[in-house]
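Visitor: I would like to learn how to read the features of a model like this one. Where do we start?

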Amino acid sequence: MTAVVLTEGLTKFYGKRRGLQDLDLEIQPGEVFGYLGPNGAGKTTTIRLLLDVIRPTSGRAVVLGLDPRDSRARARIGYLPGELAVEGREKAGAYLEFMAAVRGGPPRRRIEELAERLEADLSARMGELSKGNKQKIGLIQAFMHEPELLILDEPTSGLDPLVQQEFLAMVREVRREGRSVLMSSHVLAEVEHVSDRVGIVRSGRLVAVEDVAALRERAVRKVELHFDAPVPREAFENLPGVRDLIVEGANLRCTIDGRPDALIKAAARFTVVHMVSAEPDLEEIFLTYYSEEEHGDEEAGHVRARA
Amino acid sequence: MSALVRKTLGDYRRALIGWTVGVCAFFLLYLSIYDSIAANPDFYEKAALAKYPGALKDLMGGLADMTSGAGYLQVIAYQLFGPMMLIMCAAVLGNRAVAGPEESGTLELVLTLPISRRRLILGRFTALALGLLGVALVSFLLIAVMAAVHDMGVPIGRIAAAHAGLYLLVLFFGTLALALGAVAGSRALTLAVTAAYAVGGYVVETLGKSVDAISWLRWISPFHYFLDGRPVYQGWPAGDYLVLLAATAVLLAVAVLAFDRRDVGV
């Protein structure tokens with residue numbers, strides 16, 4: 001099976017500043033690939049290289065079997081920018097029809113279906129779109145021509161919950177139909193429910209590509225437990241996977257590596273009145289699993305400082 | 001017409017209508033007082049010469065016979081005011097071809113459509129050329145009608161010759177703005193360079209006639225190829241107009257090649 005996206009040693013320098021270095025990436029048909037990393041790590045650089053908005057310093061990319069410079073490739077791609085820039089007095093519906101016409105594609109009906117589904121207002125002027133409506137218009141233009149590859153840059157940032165549900169459903173439909181998605185985010189939680197694999201990029205380098213299930217297993221989680229009465233610290237000491245343990249009267253806080261099983265079983269002996277388990281965030285995955293790879297790497301300090 | 005050209009013309013529509021109305025209102029206002037100027041030529045000629053002494057007179061194109069129909073038409077429409085107003089319009093539209101949308105971020109989405117970089121530039125140029133042609137045609141009709149109504153004694157063929165030159169001059173500056181945007185992607189730089197070249201080119205062409213030190217610079221002024229042939233008086237200076245067309249073609253080629261090579265929006 002030919003890869004939908006294939007990059008070999010893809011590198012982009014902005015002058016002397018590194019945007020992306022030696023990216024080797026392969027996305028298969030029907031795969032949803034989560035592309036994770038903090039802001040400025042190189043996610044958008046990768047996406048813009050694949051779309052031929054910018055050109056690589058070295059290395060190469062093949063998208064849908066074509067050079068990104070070949071404009072035919074872009075007819076089969078749907079792209080949602082991180083921040084959809086809009087201006088002008090044109091009606092949103094007219095703008096979408098322009099995009100549809102250039103793609104030689106979808107009928108007006110398809111635009112209306114998506115607008116109805118997302119409850120988007122097509123009669124609003126582009127320059128006056130509300131934040132929510134802007135994101136909906138962005139989603140419609142990305143999905144409307146049923147592209148073989150969807151490239152979504154931070155698609156869920158700021159979507160209201162109902163639209164987010166609809167959006168995730170649309171991504172799942174795309175996968176069911178055997179089409180592919182490349183979806184960037186800086187929060188694992190935003191992509192883990194729909195992604196098959198995630199790649200983690202940091203300081204312009206791809207540091208890991210993981211199966212989502214495996215990554216969650218390795219993720220760390222901050223957990224807080226509140227009991228109805230003070231609990232003895234000894235009951236929770238030396239549990240497998242539990243560290244940074246703090247017990248203060250009836251409250252317990254700790255960090256869990258991997259499975260929370262041991263902690264849950266230990267806590268079950270007392271009366272738990274409240275439990276908080278924060279979603280593991282990406283930076284903690286960096287700190288726990290990837291910091292050891294960065295000895296001598298100056299940027300590692302920055303990540304730690306931010307955490 | 002391709003979807004891109006239609007869309008670009010749609011984006012230009014309000015600006016085009018606004019500039020057309022403004023330019024035509026200016027022509028209408030000044031050409032409608034020609035009757036009283038023709039009735040008192042001595043008075044108005046003295047007044048004009050008093051208002052523009054010395055080098056200012058050269059800058060206004062000499063004002064030699066501004067009370068004749070052809071002279072008055074030259075001063076009002078084809079010497080300074082007409083070209084400068086329309087060049088401003090062209091620079092604004094040319095700037096909106098690449099530099100404007102690149103800075104505002106809307107160009108990125110257009111680039112992700114299945115349109116090659118070359119076709120994008122050619123489409124933008126086509127829209128620019130058509131839009132400016134619209135402004136030129138409407139203002140030409142207005143001037144032709146006014147010249148006939150007020151018995152200015154300028155044959156319509158001469159007016160057409162002058163207006164065609166005006167259009168080519170304006171298209172050159174619009175294409176210059178488009179090309180600067182395609183090369184550098186900066187709105188401010190585009191406007192600054194286009195304005196400086198227009199003003200400098202005009203000054204060099206008009207003052208260069210009497211100041212030897214800068215007279216050689218007239219060859220690189222686009223205005224030279226419009227004003228020097230005196231189309232209102234002498235009809236089509238075909239060779240000069242071909243120079244303007246060729247220069248525009250070179251700018252367009254530069255725009256296509258430069259934009260095809262560079263990163264956008266970084």
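Guide: With a term. A polar contact is a pair of N or O atoms within 3.5 Å, where, within protein, one must be able to donate a hydrogen and the other to accept it. Keep in mind that this is a predicted model.

Visitor: How many residue pairs are in polar contact between chain A and chain B?

Guide: There are 15 such pairs between chain A and chain B, counting residues that are both at pLDDT 80 or more. On the side of chain A that touches chain B, the elements giving two or more residues are β1 (5-14), α2 (71-75) and α3 (92-102) of chain A. The most comes from α3(A), with 5 residues. By class, that side has 15 nonpolar, 2 polar and 10 charged residues.

Visitor: How many residues of each chain are in contact?

Guide: Contact here means heavy atoms within 4.5 Å. On that basis, 27 residues of chain A touch 25 residues of chain B. Area is another way to describe the interface. The two chains bury about 2,300 Å² between them, and 59% of it is on carbon and sulfur atoms. In chain A, the residues that lose the most area to chain B are A:Val53, A:Arg74 and A:Phe98, together 24% of what that side buries.

Visitor: How many salt bridges cross the interface of chain A and chain B?

Guide: For a salt bridge, look for a side-chain nitrogen of Lys or Arg within 4 Å of a carboxyl oxygen of Asp or Glu. The rule finds 3 across this interface. One salt bridge joins the side chains of A:Lys12 and B:Asp263, at 2.4 Å from N to O.

Visitor: And how many salt bridges are there over all chains?

Guide: The search of the whole structure gives 30. Among them is the pair A:Glu154 and A:Lys43, whose closest N and O atoms are 3.5 Å apart. A:Glu154 sits in the loop between β6 (149-153) and α6 (161-176) of chain A, and A:Lys43 in helix α1 (residues 43-50) of chain A, so the pair ties together parts that are 111 residues apart in sequence.

Visitor: Now the empty space. Which residues lie nearest the centre of the largest pocket?

Guide: A pocket is an open set of grid points, whereas a probe in a cavity cannot get out. The largest pocket holds about 780 Å³ of space. Of its 29 lining residues, A:Glu87, A:Gly88, B:Lys7, B:Asp11 and B:Arg96 lie nearest the centre. At least two lining residues each come from α3 of chain A and from α1 (3-31), α6 (81-95), α7 (99-104) and α8 (106-111) of chain B. The most come from α1(B), with 9 residues. The lining divides into 10 nonpolar, 6 polar and 13 charged residues.

Visitor: What about cavities: how many of 30 Å³ or more does the structure hold?

Guide: It holds 2. The largest cavity has a volume of about 50 Å³. Its lining consists of B:Leu86, B:Leu132, B:Val135, B:Ala136, B:His163, B:Leu166, B:Tyr167 and B:Val170. Two or more of these residues come from each of α9 (117-149) and α10 (156-184) of chain B. The largest share, 4 residues, belongs to α10(B).

Visitor: How does the lining of the largest cavity divide by class?

Guide: That lining has 7 nonpolar residues, 1 polar residue and no charged residues.

Note on methods:
Residues numbered from 1 in each chain as written. Chains lettered and ligands numbered in written order. Predicted model: local features only at pLDDT ≥ 70, side-chain atom pairs only at ≥ 80, totals over all residues. Heavy atoms only, no water. 1 Å grid on protein atoms, 1.4 Å probe; cavity = no way out; pocket = protein on both sides within 12 Å on 5 of 7 lines; lining within 4 Å. Points joined across faces, edges and corners; volume = space filled by probe spheres on them. Nonpolar A, V, L, I, M, F, W, Y, C, P; charged D, E, K, R; others polar. Buried area = accessible area lost by both parts, 1.4 Å probe. Polar contact = N/O pair within 3.5 Å; in protein donor to acceptor, adjacent residues only side chain to side chain.
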